[in-house]
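Visitor: Please take a close look with me at one part of this model: the contacts between side chains. I would like the cut-offs along the way.

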Amino acid sequence: MTENVLVTGASTGFGMEIALTLAQRGFRVYATMRDLERRTALEAAARARGVEACVLRLDVTDPDSIAQAIATMVSDGGVYGVVNNAGVFLRGYFEDLLDAEIRQVFETNLFGTMAVTRAALPHLRAARRGRIVVISSVAGRIAAPVGSAYCASRFAQEGFVEALYQEVAP
């Protein structure tokens with residue numbers, strides 16, 4: 001059975017590396033990103049490593065794109081794993097940040113992780129197997145100046161993951 005794994009935020013950095021490494025290890029990878037115009041770097045890196053990744057549009061703040069990506073995986077054999085990697089960084093002193101900036105950090109880092117996880121969970125439960133991985137940050141454990149909003153989003157993400165583990169472990 002092919003194990004399908006969704007990786008969010010795969011256009012650069014850790015997300016791209018995670019997607020490529022999983023593909024090298026034999027997983028069918030659904031590498032997702034907000035903007036498909038950024039797919040060329042991932043596709044070139046996949047060719048260079050001799051692996052394939054299915055590139056899909058997925059914006060963790062867009063419920064329709066999440067549903068469509070999960071539906072694609074289900075029609076291709078199911079969902080084995082999800083790597084919640086998508087995230088945004090915001091630097092600045094709290095009093096200088098706009099509410100809209102802070103909300104965007106939470107929408108992506110916390111609520112986006114929750115939305116993707118919620119969409120995948122029924123399929124993982126039905127299969128009675130699978131994995132959910134959340135890529136966070138040391139900023140979710142140790143706060144720093146000029147990182148109040150970002151750290152808060154990552155602390156919240158860490159709390160979500162700890163509680164989720166207890167909920168789904170049984």
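**Side-chain contacts**

Guide: Let's begin with Tyr80, which counts as buried at 14% relative accessibility (buried is under 20% relative accessible area, exposed over 50% and partly exposed in between, with a 1.4 Å probe and protein chains only). A word on the basis: this is a predicted model, in which local features need pLDDT of at least 70 and side-chain atom pairs count only at pLDDT 80 or more, while totals for chains, interfaces and linings use all residues. Residues are numbered from 1 along each chain as its sequence is written, and side-chain values use heavy atoms, leaving out hydrogens and water.

Tyr80 brings us to the aromatic pairs, of which there are two. Rings of Phe, Tyr and Trp (its six-membered ring) pair if their centres lie within 6.5 Å; planes under 30 degrees apart are stacked, over 60 edge-to-face, and the rest tilted. Tyr80 is stacked with Phe27, at 6.2 Å centre to centre and 25° between the planes. The two rings link distant parts of the chain, 53 residues apart: Phe27 is in the loop between α1 and β2, Tyr80 in the loop between α3 and β4. Helices (H or I, at least four residues) and strands (E, at least two) are DSSP runs numbered from the N terminus. Phe27 is partly exposed at 21%.

Phe89 and Tyr150 are edge-to-face, with 4.8 Å between centres and 65° between planes. This pair joins the loop between β4 and α4, where Phe89 sits, to helix α5, which holds Tyr150. Phe89 is exposed at 52%, whereas Tyr150 is buried at 10%.

Helix α5 also takes part in salt bridges. There are six salt bridges, each a side-chain nitrogen of Lys or Arg within 4 Å of a carboxyl oxygen of Asp or Glu. Glu158 and Arg141 meet in one of them, at 3.2 Å from N to O. Glu158 lies in helix α5 and Arg141 in the loop between β5 and α5, so the pair ties together parts 17 residues apart in sequence. Arg141 also bridges to Glu162, again with closest N and O atoms 3.2 Å apart; Glu162 is in helix α5, 21 residues from Arg141. Arg141, Glu158 and Glu162 are thus linked in a network of salt bridges. Within it, Glu158 is buried at 16%, Arg141 exposed at 52% and Glu162 partly exposed at 41%.
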